[in-house]
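The exercises below work through strand pairing, helix packing and charged contacts, and each is followed by a solution in steps. Please look over the sequence and the structure before starting.

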Amino acid sequence: MTGLTEIRIDGRGGQGNVVAAYVLAQAGFEAGRFVQAFPSFGPERRGAPVAAFVRISDRPIRRRCQIRQPSYVIIQDASLLNVPGITQGVHPGGGILINSSRETEGLALPVGVKVKAVPATALAIQFLGQSIPNTALLAAFLTLTDLLPLEALQRVLSRRFEGEALERNLRLMREAAAQVSPGSWKDAGCDRCN
Amino acid sequence: MASDFDHESIAELQRKQPAFRGLDAGHMACPGCGQALGARLVTEAIGPDVIIANATGCLEVFTSAWPRSSWRVPWIHSLFENAPAVASGIEAALKVQGRPTKVVALGGDGGTFDIGLQALSGMLERNHNVLYVCFDNEAYMNTGVQRSSSTPHAAMTTTSPRGKQRMGKRHLKKDLLSIIGAHHIPYAATATVAYPSDLRAKVRRGLEIEGAAFVLVHSPCPLGWDHDGALSIEVARLAVQTGLFPLIEMERGTVVSAMHIRSVRPVVDYLKLQGRFRHLFEDAPEAREELQHLQQIANHNLELYALRSDQPEALDSESADTARRGGLRWS
Amino acid sequence: MIDAIEGSAAVARAVALCRPQVIAAYPITPQTHIVENLAQLIADGKLRCEMVSVESEFSAASVVLGAAASGARAYTASAAQGILLMTEVLYNIAGLRIPLVLTCANRAIGAPVSAWNDQQDSMAMRDAGWIQLYCADNQEAVDTTIQAYRIAERSELPVMVCMDGFTLTHTLEPIDLPTQEQVDSFLPPYRFKRALDPLSPITIGNLVTPEYYSEARYVHHHALLRARAEIAAADQDWARISGRTCGGLVSVDGPEDARVGILSIGSVMGTLYDARDEFPDLGAVKLIKLRSMRPFPAEELQGVCAGLSELIVLERALSPGGGGIVGAEVRAALCEMEPAPRIHNFAAGLGGRDMPLKIYPALLEAAKAPQATRFAILDVDLTKVAEEDR
């Protein structure tokens, strides 16, 4: 399906990766796209690896199947890099965005997949006083991929937060966006079948 | 004129204006059925402004065979194990609609002690404004006298028969009132068809409660207990007077009153009237042992609830006197 | 108003728009979010309703039975084990002809234990005497829930709205939520003719002897058959208000001259629609969406399948030892067609197994076999099965 982008967000149970997926999908909706978001279904204890998925498209999304070859993967917790296979399954030409303060050399990565590390937790602590990396990761992601205008994320944040909390999130968003090279992942991931 | 107020005319008036009967005559209960009597007394005490949820059991079967019904109040029978839940739903509906009609749930010991215990516990825990009345005839009578957890120790039923290795029901009668008490509902009581005024008073007390109330009504079953239907009241009275079925009231789990017994009767006086205990009168050591067990149970109740009394007992004689005078209308 | 929200949240909003007065539910995955959303609406004062937090599904169904019998619009939801636990009550509700709406968040039934999506639970209730409608996406879940109350209250039959657990309940997508005015114009206040009322006392739940039972069941059966018209009318009337249709009892999408059809039920329809677009070279295929499983629309199905030479029935449940459930009913409905299509019956997606786009070419390939498949589990992986168990 042309114009369809599929994203996987890897996190640990209880850390809000489903929220991240919903926020990303809602940003897509705010930007006038068709969207679908869902968690990896099933019970899981706190701290266990879990995934959430997002589809963003120019056309109505009717399929209900799993996402097996996402164009992009966002890893919310760098310790997940120890989980075997966590970086596999990314579509060639796709990208992996990792929440980490460290560099990414030495990672076993699939051929032709771009990688970027962003210190999202550190930024969150700095701007929000809380270690929730979602806003920073999503801002960096949207900037790298040019998938949606940053303003769409801003609109979603404005519905979820107000007052001082909103202001801090917006500042964080802008800072995280500024730390990555805009559009450098722009051409990954569309135009293939599941 | 004075002659208009003589007892003859008043009796005439009473006959012309009978009390409202939520459960009317013409049902199909066995002669001497304690539950039928209990249900009549309970519904007389309640009056017409009620909705009843009734569990499966004898009462439901002998009052509602299509196309007839003995019920003159709105009445619903759903299943065996869910009368308290259905009553909870009716209560919720009336609450939302702002209607003050009382909700009453009726069930036998099967639907209350056993299969319906969960639903009952839920209803009590949520403190729905429902009066639950259990007619306790101490076995699954409707299906042919199988034992329930309410069946007394050593009683014979079809699933706890006397045999070479058994002397009737092995286990004790479940102490349901303690379970009810643990829910700390505003009011719970035991009653019996042998003391009708006491029963009616307890039902009225339960109806006045804002919140959950529970009344357990001991109801002899001539068929299942194996006695003449004419003896139902006497048998029920002896259950109280031996101490085997104490008449108590509980508020929020604490016993606040008990009907005292002026002359305590030995349990054999009660047991010997019922065929379900006939095996205890055999000339056998196991029979004597079970008689002792039952006497011990009675003694335990007598101690626990301090049931013995030498004094003329207010409730006991008041009930009898009230009955002689023609009911609470005249007191 | 269109918003991107989770399926469960949307269904909760739809229920709230129907102005329920009593809700009783016991938590079970994957229905939990529906009830939690409703609890939050009540707690925030946005829904004036009595929510009874019951101690089991048996009581949940019993509470709403009592409430509806007393004239209050009521709602409950469950899945899998919970549906089975309340089975006796579900039969009771239907036999007593009490209008109710229940959401079944379709989930596989243990054993083996599973929390994931298939339709074994609602299929197990097809003989309980309820109306059963299946939703292909979350928009249909919203629209069908609203329609369900009108259908239930007009036909005096309870309605089970089936939506795939997790696949729909836990998926966020754009959903158009109607306004209160729209729903009020479609759904009048609940008036139950046989409501329990001291001013007009009746007896509900009599013992019925052999002399009368057949007639009672006859009336029930025919009420379900007549409800087909109510189901169709509700969809049309709601379409006039909302601009959307759910496809009535059964609907078809595809070229008029297509000789191959795939019939399915529930959310897999979306995957089939997209797959047909992704594999355009596999020929003209009609995609048939079965929405009403009870009453089963036999005549409508005959019309929709006229002209097909191959019909593939894909379902997400089975009757172990028998075969497909939907497949068997489709065969029965079409057996007198002259000519009748060859029918191939497959179950897939059991216990939440993913149904990828490539099941579409797999099904079409299977339909070319010289011998039509009476029944098979399409996506079983025999390498995981011991030799002696095959």
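**Exercise 1.** Determine how strand β1 of chain B is joined to strand β2 of chain B, and place the two strands in their sheet.

Solution. Strand β1 (residues 50-54) of chain B and strand β2 (residues 75-77) of chain B run parallel and are joined by three bridges, where two strands pair if DSSP finds at least two bridges between them. Within this pair, B:Ala53 stands opposite B:Ile76 in β2(B). The next step is the sheet, which is open and mixed in its pairing, with nine strands in the order β10(B)-β9(B)-β7(B)-β8(B)-β4(B)-β3(B)-β1(B)-β2(B)-β9(C). Its edges are β10 (254-258) of chain B and β9 (203-204) of chain C, each of which has a single partner strand, so one side of each is left without a neighbour in the sheet. Helices and strands here are DSSP runs, numbered from the N terminus (H or I, at least four residues, for helices; E, at least two, for strands).

The model is predicted, so local features need pLDDT of at least 70 and side-chain atom pairs count only at pLDDT 80 or more, while totals for chains, interfaces and linings use all residues. Residues are numbered from 1 along each chain as its sequence is written, chains are lettered from A and ligands numbered from 1 in the order in which they are written, and side-chain values use heavy atoms, with hydrogens and water left out.

**Exercise 2.** Describe how helices α3 and α4 of chain A pack, and which residues meet.

Solution. The axes of α3 (residues 134-145) and α4 (residues 150-160) of chain A are 9 Å apart, at an angle of about 155°, where axes are lines fitted to C-alpha atoms over the stretch in contact and angles run from 0 to 180 degrees between N-to-C directions. The two helices are therefore roughly antiparallel, a term for angles over 145 degrees. In α3(A), A:Thr135, A:Leu138, A:Ala139, A:Leu142 and A:Thr143 meet A:Leu150, A:Leu153 and A:Leu157 in α4(A), contact being heavy atoms within 4.5 Å.

**Exercise 3.** Locate the salt bridge made by B:Lys95.

Solution. The side chain of B:Lys95 forms a salt bridge with that of C:Glu50 at 3.0 Å, N to O, the criterion being a side-chain nitrogen of Lys or Arg within 4 Å of a carboxyl oxygen of Asp or Glu. The pair crosses between chains, from helix α4 (residues 83-97) of chain B to strand β3 (residues 50-52) of chain C. Over all chains, the count comes to 53 salt bridges.

Definitions and conventions: Angles under 35 degrees count as roughly parallel, over 145 as roughly antiparallel, 65 to 115 as roughly perpendicular and the rest as oblique.
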